[in-house]
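The following exercises are to be worked through with the sequence and the model at hand. Each task is followed by a solution in steps.

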Amino acid sequence: MSFKLSNIFLGAAVAREAGKPLVIEQVEVAPPQANEVRLKILFNSLCHTDVFYWEAKQHTMGCCIHILLIHEFSAESTMGFLFLPGHTPLFPRILGHEAAGIVESVGQGVTDLQPGDHVLPVFTGECKECAHCKSEESNMCSLLRINTGRGVTINDEKSRFSINGKPIYHFVGTTTFSEYIVVHVGCVVKINSLAPLDKVCALSCGISTGLGAALNVSKPKKGSTVAVFGLGAVGLAAVQGARIAGASRIIGVDLHPNSLEQAKKFGVTECLNPKDHDKPVQEVIAEMTGGGVDRSIECIGNVDVMISAFESVHDVYS
């Protein structure tokens with residue numbers, strides 16, 4: 001097979017400055033290098049993490065990012081995630097990380113993917129060789145773990161995107177707000193070609209994040225009580241994870257009545273709107289459950305809500 005591939009010129013939504021509207025610009029995308037894949041992106045979902053890094057503020061954290069960081073730091077410090085340093089804004093950049101597409105071309109050394117494969121790009125990649133990848137306790141790959149400050153590829157520390165010869169930076173190894181992208185092969189998951197790409201694009205972040213937070217990190221036992229704070233895509237997936245695990249009570253916490261009502265369809269057994277109570281929601285949960293829930297999952301990315309979620313857990317488990 002020949003690996004002499006051409007550059008592609010196409011449209012991408014470029015973030016030039018923090019908080020400023022994204023601009024559709026013609027971007028040059030280089031061919032994939034060794035162990036890289038070039039994908040044609042067909043569908044995108046918008047995750048709050050994209051908004052967070054576009055705004056470049058310090059007041060909160062993208063939900064999918066903070067859940068992963070909790071998992072990574074939990075062995076060293078129960079609350080270590082609360083003291084992570086703020087991110088450094090990086091522009092110009094192409095954001096996006098929740099998408100679905102088709103393999104357009106592969107670089108040298110790529111053997112398990114081929115042009116035409118239906119795939120999901122994922123920001124928590126796997127090299128399949130490091131201690132983390134071989135462990136059943138972690139998926140934070142030593143090579144491909146999430147790095148929000150890295151705007152270049154791992155191979156040669158260069159961007160595969162450019163405009164008039166000037167680099168446009170990558171985002172969390174995926175960069176999906178572009179018609180074509182170049183990613184490390186370890187950040188691509190092949191899926192069934194019959195799966196509807198306009199639906200399964202959410203699996204590359206939101207749904208897998210919430211479901212994994214419940215089943216792989218929280219691990220509620222059958223008959224246990226679980227509180228889920230924030231009932232967006234990640235929170236609803238966490239609710240489903242708690243339901244699949246066999247939780248007998250799943251308490252959904254959200255400020256929006258419509259979200260609470262919708263959550264009942266996904267497995268929430270009791271709903272709480274903090275605005276309906278004159279005391280902290282963790283105190284309400286403690287009264288409802290005789291001291292607190294067995295497991296609590298925060299799916300917003302707000303430090304104050306993280307504290308409420310932590311304090312809603314029974315002291316036997318916290």
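Helices (H or I, at least four residues) and strands (E, at least two) are taken as DSSP runs and numbered from the N terminus. The model is a predicted one.

**Exercise 1. Describe the chain as a whole.**

Solution. Begin with the secondary structure: the chain holds nine helices and 13 strands. Next, consider burial: of the 318 residues, 50% are buried. The surface follows: about 15300 Å² is exposed, and carbon and sulfur atoms supply 53% of this area. Finally, turn to the contacts between residues at least 6 apart in sequence: 66% of them join residues at least 24 apart.

**Exercise 2. Locate H97, decide whether H97 is buried or exposed, and find a polar partner of its side chain.**

Solution. Step one is the location: H97 sits in the loop that links α2 (63–73) to β4 (98–106). Step two is the accessibility. The relative accessible area of H97 is 1%, and the cut-off for a buried residue is under 20%; H97 is therefore buried. Step three is the partner: the side chains of H97 and D50 form a polar contact at 2.9 Å.

**Exercise 3. Analyse the five-stranded sheet and the place of β8 in it.**

Solution. Establish the strand order first. The sheet is open, runs β8-β3-β4-β5-β9, and has antiparallel pairing. Its edge strands are β8 and β9 (188–190), each of which pairs on one side only. From one strand to the next, the twist averages 45°.

Now examine the pairing of β8. Five bridges connect β3 and β8 in the antiparallel sense. Within this pairing, E36 has H184 of β8 as its bridge partner.

Then ask how far β8 is covered. Five of the five residues of β8 are buried, so this strand is largely enclosed by the rest of the structure. To resolve the directions of the side chains, recall a general rule: in a regular strand, side chains alternate between the two faces of the sheet. In β8, Y180, V182 and H184 point one way, while I181 and V183 point the other way; all are buried.

**Exercise 4. Characterise the largest nonpolar core and follow the contacts of L39.**

Solution. Start with the members: the largest nonpolar core has 38 residues, of which V27, V37, L39, I94, L113 and F161 touch the most other members. Next, assign the contributing elements. Two or more residues each come from β1 (8–14), β2 (23–29), β3 (36–45), α1 (48–55), β4, β6 (161–163) and β8 (180–184). The largest share, five residues, is given by β1.

For L39, set aside the neighbours within four places in sequence; the remaining contacts include I102, V103 and E104, together with V119 and P121. Others lie at E179, Y180, I181, V183 and V188. A second, separate core of 17 residues must be kept apart from the one above; A213, A238, A263 and C299 are among its members.

**Exercise 5. Determine the order of the four-stranded sheet and the state of its edges.**

Solution. The order is β1-β2-β6-β7 in an open sheet with antiparallel pairing. At the edges stand β1 and β7 (166–168); each has a single partner strand, so one side of each lacks a neighbour in the sheet. Neighbouring strands of this sheet are turned against each other by 50° on average, direction ignored. As a last step, inspect one edge pair: β6 and β7 run antiparallel and are joined by three bridges. The bridge partner of I163 in β7 is K166.

**Exercise 6. Compile the surroundings of T289 and of N147.**

Solution. Take T289 first. T289 belongs to helix α8 (residues 281–289) and is buried, with a relative accessible area of 18%. A polar atom of its side chain lies 2.7 Å from the backbone oxygen of I285. Not counting residues up to four places away in sequence, T289 touches R249 and I251.

Turn then to N147, which is placed in the loop between α3 (131–134) and β6. N147 has a relative accessible area of 34% and is partly exposed. The side chain of N147 reaches the backbone nitrogen of G149 at 3.0 Å. Lastly, N147 and F171 are 24 residues apart along the chain, and their C-alpha atoms are separated by 8.6 Å.

Terms used
Residues are numbered from 1 along each chain as its sequence is written. This is a predicted model: local features need pLDDT of at least 70, side-chain atom pairs count only at pLDDT 80 or more; totals for chains, interfaces and linings use all residues. Side-chain values use heavy atoms; hydrogens and water are left out. Buried means under 20% relative accessible area, exposed over 50%, partly exposed in between (1.4 Å probe, protein chains only). A polar contact is a pair of N or O atoms within 3.5 Å; within protein, one must be able to donate a hydrogen and the other to accept it, and residues adjacent in sequence count only if both atoms are side-chain atoms. A nonpolar core is a set of buried Ala, Val, Leu, Ile, Met, Phe, Trp, Tyr and Cys residues joined through side-chain atoms within 4.5 Å. Contact means heavy atoms within 4.5 Å. Two strands pair if DSSP finds at least two bridges between them. Axes are lines fitted to C-alpha atoms, for helices over the stretch in contact, and angles run from 0 to 180 degrees between N-to-C directions. Accessible areas come from the Shrake-Rupley method with a 1.4 Å probe; for residues, only the protein chains shown count as cover.
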